[in-house]
Amino acid sequence: METITSPTRPIPVHPGLPLVGNSFEYLRDPLAFLRRLQQQYGHQRMVRISVGGRTTTLMLKPEEAKHVIQENNRNYGRGKSFAILREFLGNGLLTSEGDFWRRQRRLAQPAFHRQKLVVLAETMIDEAVAWVDRLEKSLTDKPVNISAATIDVTLRIVTRTLFGSSLGDQVDGLSSALSNLNHVANNAVINPIRFPRWVPTPDNRAFVDATNRVNNLIFGIINTRRQTSESRDDLLDMLLRATDEETGEGMSDAQLRDEMVTLFTAGHETTATSMAWTLYLLAQHPDVVKRAKTEINATLGQRDRPSTDDLRAMPYLSQIINESMRLYPPAWVMSRLSLGPDRFGDYALEANQGVLISPYVLHHDPASWPDPERFDPDRFAPESGSDRHPYAFLPFGGGPRLCIGNQFALLEMQALLSVLLHRFELRPVLGQKITTQPLITLRPKQAVAIYLA
Ligand code: HEM
């Protein structure tokens, strides 16, 4: 976008109350508030709101989103809302910035290369098959709690792909310590009243406990690994061996800890949530399930266990996953802070301003997605949507900070869905109404329940 010094006009401001601004409107129902803003200000492309004493500019169109996260990404840092995550995740890929982030990303990127993922995909497929076996054994005439079932399997997958099967009986301990940490982090996000860490509130004590347990376990594992030259097929091994091309240096133990906790946190709730939404939608759309089953049967035939190539050869399944992430993007909002001034056409944005990009808002914009509430995987059919802006759909973000685990997540969801749909028929629980709960991820507020047979 232009950098010339042509005249500017002010960014529209959404009126609010004295002192609190738009905080109440936002807190009452953030998604509904963002949608209203889109309807009201969409034609003006952006709007300023004030939440929690901070002003932030919400970008309402794909072009501006692309400008912030891709074209002029160097002008945007992580912003204040990442401070809370930084307490939990340390200085890992999600929370770090600048040259430090660039170096870490360079070190970690090869571990997510297509060829490396083939090895991790085997673990995903094993776990997917074991998962449907467990579900089958425990079937009753009652509906299955899909929210719990998807958390269970994604936790197993992330723990095994990160730390390998060498953990033995530490698996459960580590998994539960890490999910406690995740739970405390989610609580911290919704709790408006926060005391400094040294005040022994229940939340603070839970944070210290969970952090100590996680650190003891992870540092123990790193220590053991450093003493052996044996190689393993997991992400920890790949990160332990990664060295910087320029300096020849690897990661310190503390850095490895931060990256492992980051990958664990970023990598399981997002996928579990997305799977729960996908199955919720599928249970209500038997016609879509039928087409998916035809594709799965044609690919797998009598086999129970797909190969990685099979997973990549089921385009309709990918369309379903995309359409589910369009309606319910797990990462529903991304925040940034402008480091210097910027120009968006004739709007001028000053330095040190909060910026919000909401995949949820962009994914429900009728200008890009006619009849946006309708679940229709054919929106992602190869022949459709060629005139759509690429940033109208950004479940994994974009630009250099694109989700490093996007291919990992897609493979995992393909594995879980194909194995589950191959084995079971789905039936909805009639009258079940699921609403959204936007925490760190966009969760279903009620547990999703589905009949499997
Ligand atoms: C459906 C599943 C997932 C979704 C929707 C998702 C979404 C996202 C989004 C939107 C971002 C960009 C955030 C921003 O720019 O502010 C991101 C970053 C990230 N994601 Fe994911 N993610 C998913 C799965 C995973 C998995 C499986 C992993 C790891 C195994 C992972 C690891 C990360 C990391 C490390 C980052 C930070 C990357 C960086 O800044 O360099 N994610 N994710």
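**Ligand shell and the packing of helix α16**

An oxygen atom of the ligand is 3.2 Å from an N or O atom in the side chain of R78, and another side-chain approach, at 2.8 Å from an oxygen atom of the ligand, comes from R401. A polar side-chain atom of R336 lies 2.8 Å from an oxygen atom of the ligand. The model is predicted.

The shell around the ligand holds 25 residues. Those that come nearest are W101, R105, R336, R401 and C403. By class, the shell divides into 16 nonpolar, 5 polar and 4 charged residues. Four elements each supply at least two shell residues: α5 (98–108), α11, β5 (334–338) and α16. Helix α11 gives the most, with 5 residues.

Two of these elements, α11 and α16, also pack against each other. Helix α11 spans residues 253–283, and helix α16 spans residues 406–423. Their axes lie 11 Å apart, at an angle of about 40°. Helix α11 is therefore oblique to α16. The crossing of the pair is right-handed. On the α11 side, the contact is made by T271, S274, M275, T278, L279 and L282. On the α16 side, the residues are A409, E412, M413, L416, L417, L420 and L421. This contact of α11 with α16 has 9 nonpolar, 3 polar and 1 charged residues.

Helix α7 (residues 146–163) also packs on α16. The angle is about 130°, and the axes are 12 Å apart. That angle makes α7 oblique to α16. Helix α7 passes α16 in a right-handed crossing. Residues V153, T154, I157 and T161 of α7 meet F408, E412 and L416 of α16. By class, the contact of α7 with α16 comprises 4 nonpolar, 2 polar and 1 charged residues. E412 and L416 thus serve in the contact with α7, and both are also listed in the contact with α11.

A further partner of α16 is helix α12 (residues 286–300). Here the axes are 9 Å apart, at an angle of about 100°. Helix α12 is therefore roughly perpendicular to α16. From α12, the contact draws on V289, A292, K293, I296, N297 and L300. From α16, it draws on L417, S418, L421 and H422. The classes in the contact of α12 with α16 are 6 nonpolar, 3 polar and 1 charged. L417 and L421 of α16 meet α12, and L417 and L421 also take part in the contact with α11.

Helix α16 thus packs with α11, with α7 and with α12. It also supplies at least two residues of the shell around the ligand.

Terms used: Residues are numbered from 1 along each chain as its sequence is written. This is a predicted model: local features need pLDDT of at least 70, side-chain atom pairs count only at pLDDT 80 or more; totals for chains, interfaces and linings use all residues. Side-chain values use heavy atoms; hydrogens and water are left out. Axes are lines fitted to C-alpha atoms, for helices over the stretch in contact, and angles run from 0 to 180 degrees between N-to-C directions. Angles under 35 degrees count as roughly parallel, over 145 as roughly antiparallel, 65 to 115 as roughly perpendicular and the rest as oblique. A crossing is left-handed if the near helix is turned anticlockwise from the far one by less than a right angle, and right-handed if clockwise. Contact means heavy atoms within 4.5 Å. Ala, Val, Leu, Ile, Met, Phe, Trp, Tyr, Cys and Pro count as nonpolar, Asp, Glu, Lys and Arg as charged, and the others, Gly among them, as polar. A residue is near a molecule or strand if one of its heavy atoms lies within 4 Å of it. A polar contact is a pair of N or O atoms within 3.5 Å; within protein, one must be able to donate a hydrogen and the other to accept it, and residues adjacent in sequence count only if both atoms are side-chain atoms.
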